[in-house]
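Student: I have a structure open and I would like to go through it piece by piece. Can we start with the helices and work outwards?

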Amino acid sequence: MAASVETVDIILPLEESENEDSRRKEAAKKLGLPRSRVTDTKLRKHSIDARQRAVKVQLRLDVALDGPFEEEAPPTWSCPPLAADAKTAIIVGCGPAGLFAALRCLETGVKPIVLERGKDASARRFDLAPILREGRVIEESNYCFGEGGAGTYSDGKLYTRATKRGPVARVYEILVAHGAPERILTDAHPHIGSNLLPNVVKAIRGSIIASGGEVRFQTKVVDFLLTGNRLHGVVTASGEEITADSVILATGHSARDIYKLLAEKKVLMEQKPFAVGFRIEHPQPFIDRVQYHLSPGQPRPELLPAARYRLATKIRGRGVHSFCMCPGGWIVPAATENDEVVVNGMSLSRRDSPFANSGMISTVEPEDIQDHTREHGVLAGIVFQKQLEQTAKKAGGGGQVAPGQRVTDYIAGKISTDLPETSYFPGAKSSPLHELLPKWITSRMREGLKLFGTQMRGYVSSESLLLGFETRTSSPVRIPRRDDTLEHPEIKGLFPCGEGAGYAGGIVSAALDGMRVADAAVV
């Protein structure tokens, strides 16, 4: 006979957290039942509580009483066959928003035609070598452009606070159905890693094609087919015109040519806040020591992952905070053109690099760049980002060498005589970062770093390194849409979606937005 099932939250010491007998004993105690009645447990959520010196593990368990669990099928994804006269939706972009929009289209009987300017994940991998080893950007295939979007080769973090935007658990289940590790269903901060995520996105592409959808690579959209206020298709760089019942614009925040095209077409857009700053890097053992309360030289216990952190404050009305923290990770070049240097972070699934890095950024509001707005209008934020990236390129001295500075020297306002070892493969050149950002950003960043140094002793030290610049945190532009239909308020048939349109901030929130927009796009 199948067991009755209860769900309990328990807390165990780290060394007992993986022991099944300890889990059953604590679950029985929590339920007020004899240990003999607890016949099995299933993990539903796992999180680490390192706030006190003795690290604890918080577990949510399904508990089987008086019998075995019923067999549980693994997550799957499927859709009904497409009708011969199925409606069509063009999806511009093959990142998480575009991929999940395509899956949702198929579930609802709509044929998706996914157009991606970059290459498939396998071919794209080879195009990362020139930017790392030669400092040469392949402008349509890089860390930002290509199958899976920026997340494919820059980390694959899945943690999100967007729990009110849609079925987060379903996003995780679809990823697992396509090869992601099952632990993402239970980890409090799920992460796939850039070594595993490419195969997951390739499997999603396989599902789209097998179900009747299309995915076209190296197919750059260069124009929109507009008749009056109705969008009925796109034009590609090869001159092909593709028409459909609707167009879902899911390009990501680095497709600046799309913003320029929309501006030329006088399609309504609006400025929005964004953030810029640096990548800050520390030795991972230091972050472990501080976060896990270890003694100097004490190794991290094997049961603990590489430690992460999150720091945030507000200074004179603007946020200063860590962003996209990568424990056991690398800093990577994320430029999309050869006249710029952009830095980002990534980790592999095992997170075993000796370094920890994070964005360290400050908010930029539209009113902060009014001079740019007067000259460039709604594209002011993009111009501001680009100017910083070109400044970084010049300061680095060539290729993808990044300007760098020790954190203590940045605060003191002096050039570093040398730089600590870094995970950034193209290399770093000592530069006056304190002079390269606008003074109104530098002053806030200095105050923020000083504060964070008091919150995490040793965070500000000569061994912590700043590399410039982290500029691609989010889109400086929002493409507006109606709350009820998710359609552009002026252009019929245009459905802005995901990070590039200003409605998401990571893999999961972009995937959720893609699913939501797909539901609205063809009715």
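**Helices, strands and spaces**

Tutor: Ser-22, Arg-23, Arg-24, Ala-27 and Ala-28 are the buried residues of helix 1. Keep in mind that this is a predicted model.

Student: What do the buried residues of helix 1 pack against?

Tutor: They pack against three strands: strand 1 (4-13), strand 2 and strand 3 (56-65).

Student: Which way do residues three or four places apart point in an α-helix?

Tutor: They point the same way, because an α-helix has 3.6 residues a turn.

Student: How far apart are the end C-alpha atoms of helix 1?

Tutor: They are 16 Å apart. Helix 1 covers residues 20-31, so at 1.5 Å a residue its twelve residues should span 16 Å, and the two values agree.

Student: OK, helix 2. Is it mostly covered or mostly open?

Tutor: Mostly covered, since nine of the twelve residues in helix 2 are buried under the cut-off of 20% relative accessible area. Among them are Leu-99, Phe-100 and Leu-103. Helix 2 runs over residues 96-107, and its end C-alpha atoms are 16 Å apart, in agreement with the expected span.

Student: What happens just after helix 2?

Tutor: Gly-109 comes there, with a positive phi of about 85 degrees.

Student: Switching to empty space. How many cavities of 30 Å³ or more are there?

Tutor: The structure has two. The largest cavity holds about 80 Å³ of space, and the second largest has a volume of about 30 Å³.

Student: Which helices supply at least two residues each to the lining of the largest cavity?

Tutor: Helix 2 and helix 6 (197-210) do. The lining includes Pro-96, Leu-99 and Phe-100, along with Leu-197, Val-201 and Ile-204. Leu-99 and Phe-100 are also on the list of buried residues in helix 2.

Student: How many charged residues are in that lining?

Tutor: None; the lining of the largest cavity has eight nonpolar and three polar residues.

Student: And what lines the second largest cavity?

Tutor: Phe-224, Leu-226, Leu-231, Leu-262, Val-267, Ile-491 and Leu-494 line it. By class, that makes seven nonpolar residues, with no polar and no charged ones.

Student: Back to Phe-224. Which residue is its bridge partner in strand 8?

Tutor: Val-234 is the partner of Phe-224. Strand 7 (residues 221-227) and strand 8 (residues 230-236) run antiparallel and are joined by six bridges.

Student: How many residues sit between the strands of that hairpin?

Tutor: Two residues lie between strand 7 and strand 8, and in this hairpin Gly-228 takes a positive phi near 65 degrees.

Student: What about pockets? How much space is in the second largest one?

Tutor: About 560 Å³. The second largest pocket is lined by 21 residues, and Arg-44, Tyr-172, Glu-182, Leu-185 and Thr-186 lie nearest its centre.

Student: Where does the largest share of that lining come from?

Tutor: Helix 5 gives the largest share, four residues. Strand 2 (38-49) is also one of the elements that supply at least two residues. The lining of this pocket divides into eleven nonpolar, three polar and seven charged residues.

Student: New topic, strand 18. How many of its residues are buried?

Tutor: Five of the five residues in strand 18 (residues 402-406) are buried. Ala-402, Gly-404 and Arg-406 are on one side, with Pro-403 and Gln-405 on the other.

Student: Which strands does strand 18 pair with?

Tutor: Strand 18 runs parallel to strand 19 (residues 428-430), with three bridges. With strand 20 (residues 465-470) the pairing is antiparallel, over three bridges. Gly-404 stands opposite Ser-430 in strand 19, and its bridge partner in strand 20 is Leu-467.

Student: Then Thr-408 in helix 11. Which residues is it in contact with?

Tutor: Leaving aside neighbours within four places in sequence, Thr-408 is in contact with Val-460, Ser-461 and Ser-462. Thr-408 is partly exposed, with a relative accessible area of 28%.

Student: Last one, Leu-311. Buried or exposed?

Tutor: Buried, because its relative accessible area is 6%, and the cut-off for buried is under 20%. Leu-311 is in the loop between helix 8 (284-292) and strand 13 (312-315). Not counting residues up to four places away in sequence, Leu-311 touches several residues, including Val-320, Phe-452 and Tyr-459.

Definitions and conventions. Residues are numbered from 1 along each chain as its sequence is written. This is a predicted model: local features need pLDDT of at least 70, side-chain atom pairs count only at pLDDT 80 or more; totals for chains, interfaces and linings use all residues. Side-chain values use heavy atoms; hydrogens and water are left out. The expected span of a helix is 1.5 Å times one less than its number of residues. Buried means under 20% relative accessible area, exposed over 50%, partly exposed in between (1.4 Å probe, protein chains only). Contact means heavy atoms within 4.5 Å. Two strands pair if DSSP finds at least two bridges between them. On a 1 Å grid over the protein atoms alone, a cavity is a set of points where a 1.4 Å probe fits but cannot get out, and a pocket is an open set with protein on both sides within 12 Å along at least five of seven lines; lining residues have an atom within 4 Å of a point. Grid points are joined across faces, edges and corners, and a volume is the space filled by probe spheres set on the points. Ala, Val, Leu, Ile, Met, Phe, Trp, Tyr, Cys and Pro count as nonpolar, Asp, Glu, Lys and Arg as charged, and the others, Gly among them, as polar.
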